[in-house]
2 protein chains.
Amino acid sequence: MNSSKRIVIVGGVAGGASAAARARRLSESAEITLFERGPYVSFANCGLPYHIAGVIPERKKLLVQTPESLMARFNLEVQVNTEVEAVDPAARTVTVRNLKTGQTRQVPYDALVLSPGAEPVRPPIPGAADPRVRTLRNMGDMDAILAALADARRTLVVGAGYIGLEMAEAFRHRGLDVVLVERLEQVMSVADPDMVGPLHDELRRNGVDLRLGCSVESFEAGAELRALLSDGSQVACDLAILAIGVRPETALARKAGLELGPTGGIRVDEHMRTSEPGIWAVGDAVEVRDAVLDGPALIPLAGPANRQGRIAADDIFGRPSTYKGTQGTAVCKVFDLAFAMTGQTEKGLQRLGVPFRKIYVHPADHATYYPGAHPISLKLLFEPGEGHLLGAQAVGAAGADKRIDVLATAMRGGLTVFDLEDAELCYAPPFGSAKDPINMAGFVAANVLRGDVALWEPEELATLREDQVLMDVRTLTEHRAGTIPGAELAPVDELRDRLDDLDPAKEYLVFCQVGLRGYVASRLLSQLGFRVRNLSGGYKRWQMWKGTAAGLAAERACGEDGTSACGA
Amino acid sequence: MNSSKRIVIVGGVAGGASAAARARRLSESAEITLFERGPYVSFANCGLPYHIAGVIPERKKLLVQTPESLMARFNLEVQVNTEVEAVDPAARTVTVRNLKTGQTRQVPYDALVLSPGAEPVRPPIPGAADPRVRTLRNMGDMDAILAALADARRTLVVGAGYIGLEMAEAFRHRGLDVVLVERLEQVMSVADPDMVGPLHDELRRNGVDLRLGCSVESFEAGAELRALLSDGSQVACDLAILAIGVRPETALARKAGLELGPTGGIRVDEHMRTSEPGIWAVGDAVEVRDAVLDGPALIPLAGPANRQGRIAADDIFGRPSTYKGTQGTAVCKVFDLAFAMTGQTEKGLQRLGVPFRKIYVHPADHATYYPGAHPISLKLLFEPGEGHLLGAQAVGAAGADKRIDVLATAMRGGLTVFDLEDAELCYAPPFGSAKDPINMAGFVAANVLRGDVALWEPEELATLREDQVLMDVRTLTEHRAGTIPGAELAPVDELRDRLDDLDPAKEYLVFCQVGLRGYVASRLLSQLGFRVRNLSGGYKRWQMWKGTAAGLAAERACGEDGTSACGA
């Protein structure tokens, strides 16, 4: 019964609240005290941008629990507006300050769970201390932004990650002008650049003034706030949101002598134990194990934070419970599109030097003959050997989250691209296809690993040789509507009649709209002895690629040497 | 290159068309001939009800491929209106009849793929030969139904499986009167009865006159068609659809001496080979291996048929490729609801004598504080030992297909309910919850297997003992709005203050709305030494159960002995 166990929890959102509730379910007799620096516990921080947007009209809907409800349900002693200032691991006490009265006191613990979360990064931009420059992390931040919006018309959002994108959408939803500034050449820096082009289009289509490759160098205060950007331009606004990212809040942990990991998060083992006996840590403040590649990582997500809280409570009561690492499964709504991902990205794998293969498909979310079908662009990364999944990204108006959830589960199950071919998923015309996008991705990836098709990459377009022919195997109508510069037209359905026109000495780089007809053409030509490679994802993939830094660089290179068939 | 291989394929939809296209991709030189008895190949048979409904306005959208397009793309010789009448396995020839001219001829093959599909069951109901009694399987059936609808106002649908449900919805969509007659006490006979109550409500809410536990005994022809039902009533209609089910079309296979399996489908091995060398069979006509329990099964589904066609072609060309069995993943739209399932059902497991545990959850498809959240009712079946998944069913207005796809993938990956606790899935308020319905199901199931909570079943209500107390731990407001008869109210948040009222000699059968508060109450009471069990799925589960045959029987039993707390 651990009848006398005193459990102290620092931080009352996600991980902390989960740890507290779980602890009570495991021990009716434990003394459980939860300290929260802010005025609220267990609020829906993921909902903040949507209340600002007006999509969630009632503020109180964000307050999932109150100190009173947690007392009634779980007999938790919850103290808000109370900061834990110091930990004495040897004495097993914490120093607690009541932020209303300023009084401090010592509180003993048998087990301490730290769930301090992460704090928004505030870079040292001159002028950023202006009260019109704000961040969004908690209810108070939200209330301040809403108050500032009362007479705002022009807004600036700095940083195009999850929060930045959600805030840009929220402000547009309120009818405000939005300039969205992002230092990189892409939004959603966690994603691969060749998968976010549709988000750029969607933001602009919805009236967001998107400035990529650009940062704020300073703010100038006046009747209006002026942001001076790195491209030399200025943006006047009534309110600016800094959404550059978050970093683990580790001040208390460092002061207590807890070890941090190489990423700067609190180091924990698989039981969420810190380097000090009697102290656990969970949530955005901790360094996790990357579930795909096993290295240390900082992946601040709500689901893992909740799970970690539960595991810490289990461990405190001696229950076998281990954290299996974080996969990085995430989704973000960007107006009418969703971007979802799980596992590693191409750029992540490249940075780590991990070998991989990749394919792209653009299937519809459900049978195209049934109304309302929307395309999904899906990128799959996998091991070159056995075909184990390494990561996936998807973007589309419907069904992207479903396919990423399936792939995230497949990764957890250790499945391969060959298993995706076999995946048996829900099919009726309103919900999917007899060959689901997951099956399609599996077929394409398995074809690559079995050697049934060789692929070419858009990067090769900049250095096409004389003996290489870029061949568009779509129809004349599609070709005329837009093709890769330098491509010859040879519709797949006419290919058998035109074999005499082909030169066995050449290599054919074929492509179609999404990759399927290119694959059929590749099979046809390769069986007849021609050298042929297909562009995975086809013209649609090329369109998404040509706007990336790599695509733009290729275009510049081509312009310089005047190659006609450079393709970008 | 197998340069001279002559491949003959019988049946030009799903499995047959897939086999033909795959064969061509594997061999440019093979002679591939596809015979189809009907006038169309590769049509979207799953779309037929939606064209009848008018939801898919253009008929031609259902014609995915034509003989001409298959010739152009894959160099396939496609002969429609051509029936294969006989197979001579020794001579390796088929006898083919041109249904337009009546002429027959012999066609030799090196490899023969049978994909004849399934045919609608037409029971020997007197009067069912009336032309106003129709079935729906192909384009011709659809055209005939549409023609008959021209001056129809009242329709009768017999059988409430996938086709029957889709046809009932289609007719209502056209504004017609619909009587839906089903022999069982539930629609969707493949599902468990305690999961389809919401479909019954949805059908009735949309004006379908649903008659359960009732069958058509005869049809009487006249100016109007009259169906005489087993309950003594009559239904007058202008058009009746028999949607009682399908059976494998095995006439040709039997004539050719191919072995059938115990289910009546063509027996095939994991490479889709029949008992005769040189003959493969795929699709709805074959007996498959149940991927969960390894027994023989008939599971007619489009996805598996396509996959089997591909595997047969692989095997013909000596490629290693095996069919892993069919899981039975399926989904059906019923007006604004979707019902989805994968793996085994409770009644299937009971019939086979396989031990299992089960839990029910009713989470929302996404964060409830974000607008538009809809509840999902999810039932999970799993092994009592390791917790491997055996099957799942879900019903809801949104997100049911996603969760079943995740669970189907988890089953393929050999995951357990403990892995579902850890599943890392897409979360943002519009798409899911930090604790996804999948995690919730995992938590609840794992709690059962770990012994953290004991469950009671609604069937026990009929035989409650003196020493058992039925306890509603919801709020007074919820309790007053409706509870299980005989339940005492003891809100979970007041339980700690009312412990003195409890009797340690009694066993407490607690329940809440969906099961979560009941679990919290169970943990509280069990730690204090009380005997307590929770109702998985809570009051909502009980509501779904009380309309089932078991629930109605319990109600009758209670009425007879006058027990006050029998609960139904």
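Leaving aside its neighbours within four places in sequence, with which residues is B:Ser536 in contact?

## The surroundings of B:Ser536

In this predicted model, B:Ser536 is in contact with B:Ile359, B:Tyr360, B:Val444, B:Leu455 and B:Arg541, when its neighbours within four places in sequence are left aside. The residue belongs to the loop that lies between β30 (531-535) and α15 (538-546) of chain B. With a relative accessible area of 4%, B:Ser536 is buried, because burial is assigned under 20%.

One of the residues in contact with B:Ser536 is B:Tyr360. The backbone nitrogen of B:Tyr360 is reached by the side chain of B:Ser536 at 2.8 Å.

## The parallel sheet containing β30 of chain B

Strand β30 of chain B, which precedes the loop of B:Ser536, takes part in an open sheet of 5 strands. The order in this sheet is β26-β30-β29-β27-β28, and the pairing is parallel. The edges are occupied by β26 (455-456) and β28 (488-489) of chain B. Each of these two strands has a single partner strand, so one side of each is left without a neighbour in the sheet.

At one of these edges, strand β27 (residues 468-472) of chain B runs parallel to β28(B), and 2 bridges join them. B:Asp472 has B:Leu489 of β28(B) as its bridge partner.

## The enclosed strand β10 of chain B

Strand β10 (residues 154-158) of chain B is largely enclosed by the rest of the structure, because 5 of its 5 residues are buried. In a regular strand the side chains alternate between the two faces of the sheet. For β10(B), one side carries B:Arg154, B:Leu156 and B:Val158, and the other carries B:Thr155 and B:Val157. These residues are all buried, and both faces of the strand are thus covered.

The pairing of β10(B) with strand β11 (residues 177-182) of chain B is parallel and extends over 5 bridges. Within this pair, B:Val157 stands opposite B:Leu180 of β11(B).

## Exposed loop positions in chain B

The loop between α4 (139-149) and β10 of chain B contains B:Asp151. Its relative accessibility of 69% places B:Asp151 among exposed residues, because the cut-off for exposure is over 50%. Between the C-alpha atoms of B:Asp151 and B:Phe219, which are 68 residues apart along the chain, the separation is 20 Å.

A second loop position is B:Pro277, located between α7 (251-255) and β18 (279-281) of chain B. B:Pro277 also counts as exposed, at 54% relative accessibility. From B:Pro277 to B:His173 the C-alpha to C-alpha distance is 49 Å, and the two residues are 104 residues apart in sequence.

## The parallel sheet of chain A and helix α8

In chain A, 5 strands form an open sheet with parallel pairing, in the order β3-β2-β1-β7-β18. The edge strands are β3 (77-79) and β18 (279-281) of chain A, each of which pairs on one side only. On average, neighbouring strands of this sheet are turned by 15° against each other, direction ignored.

Strand β7 (residues 111-114) of chain A pairs with β18(A) in the parallel sense over 3 bridges. A:Ala281 in β18(A) is the bridge partner of A:Leu114. Helix α8(A) packs on the sheet and touches β1 (6-10), β7 and β18 of chain A. The direction of α8(A) makes about 160° with that of β18(A).

## Packing of α1 and α8 in chain A

Helix α8 (residues 302-316) of chain A also packs with helix α1 (residues 14-26) of chain A, at an angle of about 35° and with the axes 7 Å apart. The crossing of α1(A) and α8(A) is right-handed. From α1(A), the contact is made by A:Ala14, A:Gly15, A:Ser18, A:Ala19, A:Arg22, A:Ala23, A:Arg25 and A:Leu26. The residues from α8(A) are A:Ala305, A:Asn306, A:Gly309, A:Arg310, A:Ala313 and A:Asp314. By class, this contact has 6 nonpolar, 4 polar and 4 charged residues.

## Packing of α1 and α8 in chain B

In chain B, helix α1 (residues 14-26) and helix α8 (residues 302-316) cross at roughly 35°, and their axes come within 7 Å. The crossing of α1(B) and α8(B) is right-handed. Among the contact residues are B:Ser18 and B:Arg22 of α1(B), and B:Asn306 and B:Arg310 of α8(B). The contact divides into 6 nonpolar, 4 polar and 4 charged residues.

Notes: Residues are numbered from 1 along each chain as its sequence is written. Chains are lettered from A and ligands numbered from 1 in the order in which they are written. This is a predicted model: local features need pLDDT of at least 70, side-chain atom pairs count only at pLDDT 80 or more; totals for chains, interfaces and linings use all residues. Side-chain values use heavy atoms; hydrogens and water are left out. Axes are lines fitted to C-alpha atoms, for helices over the stretch in contact, and angles run from 0 to 180 degrees between N-to-C directions. Helices (H or I, at least four residues) and strands (E, at least two) are DSSP runs, numbered from the N terminus. A crossing is left-handed if the near helix is turned anticlockwise from the far one by less than a right angle, and right-handed if clockwise. Contact means heavy atoms within 4.5 Å. Ala, Val, Leu, Ile, Met, Phe, Trp, Tyr, Cys and Pro count as nonpolar, Asp, Glu, Lys and Arg as charged, and the others, Gly among them, as polar. Buried means under 20% relative accessible area, exposed over 50%, partly exposed in between (1.4 Å probe, protein chains only). A polar contact is a pair of N or O atoms within 3.5 Å; within protein, one must be able to donate a hydrogen and the other to accept it, and residues adjacent in sequence count only if both atoms are side-chain atoms. Two strands pair if DSSP finds at least two bridges between them.
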